[in-house]
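Me: Could you take a close look at one part of this protein for me, the largest nonpolar core? I'd like the cut-offs spelled out as you go.

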Amino acid sequence: GDKTQNHLRMSVIQQGTATLRKAKKTTVKTSLDNPFVFQWKTIDGEDMHFILETLEERIKHIGLKKIETPRKKKRSLTKKQTERKCDAGTDELPKEETESHQQKPGWTDIIIRRQLAIGINEVTKALEKNELLLLLVCKSAKPAMITSHLIELSASRATPAGQVPRLSETIAPLLGLTSILALGFKKQSDKFSEAIAAIIPKIPALEVPWFQYRTEESMAYVDTDSSENLEPEELAEVLGDKLTSQKRKDTESNRPDLSNVILQPLKIKKLVPNPNKIKKPPRKKKKASSA
C-alpha cells in the first residue's frame, strides 16, 4: 500500500512540474554580413564546348594521368587465396601481382603535374602566391561558397577565371581522378601554353567592384594584335611578364582608381540555432562483438 501511494505522489509531482516549466528564450546570434554578392559568370554554349575540347585534346596528347593501386577487400583476398592454394597451388599469384604492379602508382610525369594546380586548396595557395595564368572552376561544386572566395582572389591577382559546366566529369577521368572542382594553370606551364592562349579570350571578366580595373586590363592583354603572331611559349612569357609588371605598377602607385566603387553598409545577420527545435535521435550504442 505504501509503495502505491508513493508512486501516485511521484506521478502527480511529475505532471505538475511539467506544466509549470517555463519555455526557454530563443537565443539569437547577431553577426555582420558582406553586402556584396559575388557570383561566377558561367561559360555556356560554344565557348564551353571549345574549352572542354581543347583541354581534352591537350591532356590526351601529353598523357598526364594519376595511376592508383586498385583497392581490394581483405576478406575477398583471403578467401580467394585460400581457394587457389588448395586447388591450383601458389604458382598463379606472383603472375597477377607482377601484372598489377607493372605501372607504378603516382603521376606519369611529375614535372608536368607541377605546372597545374588541381583542387580548391592547391588553387587557393597558388593564387595567394600569384602563380596562375588561368583558373577554371566546375559548376558542380556544392555548396557554392567553397569556390566563391576564388572570385576575389583571382580579381586581386588579375588572373582570368571562369566557371565551366561539366569540367569535372570531362577532365577528371582523363587525369585519373574522381573529381576536379578547380583547375589552375601556372605561369611556367609550357606544355599548356597553347591551350591557355586559346581559352583566355573565352573567359568573361570578373565583376568585383574594387578590382574591376584590373580585370579589364588583364583581358586587354589577350586582345592585342601582337599576340596573334607569337608562338605559344613566347605568348606565355609575355602574359607572365605583363601581369608581373602590372603588379609592380599597382604596388608602386598605391592609388587604385576606385571611382566606380559604391560603398555599401554592412548587413546585420541574425542566426537562430535550431529554429524548429528538432531533436536529434539518440545514438544507438554498438554492442560489443562477442569473441
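Reply: Here's a walk through that core and what sits around it. This is a predicted model, where local features need pLDDT of at least 70 and side-chain atom pairs count only at pLDDT 80 or more, while totals for chains, interfaces and linings use all residues. Residues are numbered from 1 along each chain as its sequence is written, and side-chain values use heavy atoms, with hydrogens and water left out.

A nonpolar core here is a set of buried Ala, Val, Leu, Ile, Met, Phe, Trp, Tyr and Cys residues joined through side-chain atoms within 4.5 Å; buried means under 20% relative accessible area with a 1.4 Å probe, protein chains only. The largest one has 30 residues, and Leu136 and Phe185 touch the most other members. Two or more residues each come from α2 (45–62), β4 (116–118), β5 (132–138), α8 (167–171), β7 and α9, with α2 giving the largest share, six residues. Those elements are DSSP runs numbered from the N terminus: helices are H or I, at least four residues, and strands are E, at least two.

Now zoom in on Phe185. Skipping neighbours within four places in sequence, its contacts (heavy atoms within 4.5 Å) include Leu55, Gln115, Leu136, Phe192 and Ile196. There's also a second, separate core of 19 residues, among them Phe36, Leu132, Leu135 and Val208.

Ser189 is worth a glance too: it lies in the loop between β7 (182–186) and α9 (193–199). With the same sequence neighbours left aside, Ser189 is in contact with Gln115 and Ile196, and its relative accessible area is 1%, so it counts as buried.

Technical notes: Buried means under 20% relative accessible area, exposed over 50%, partly exposed in between (1.4 Å probe, protein chains only).
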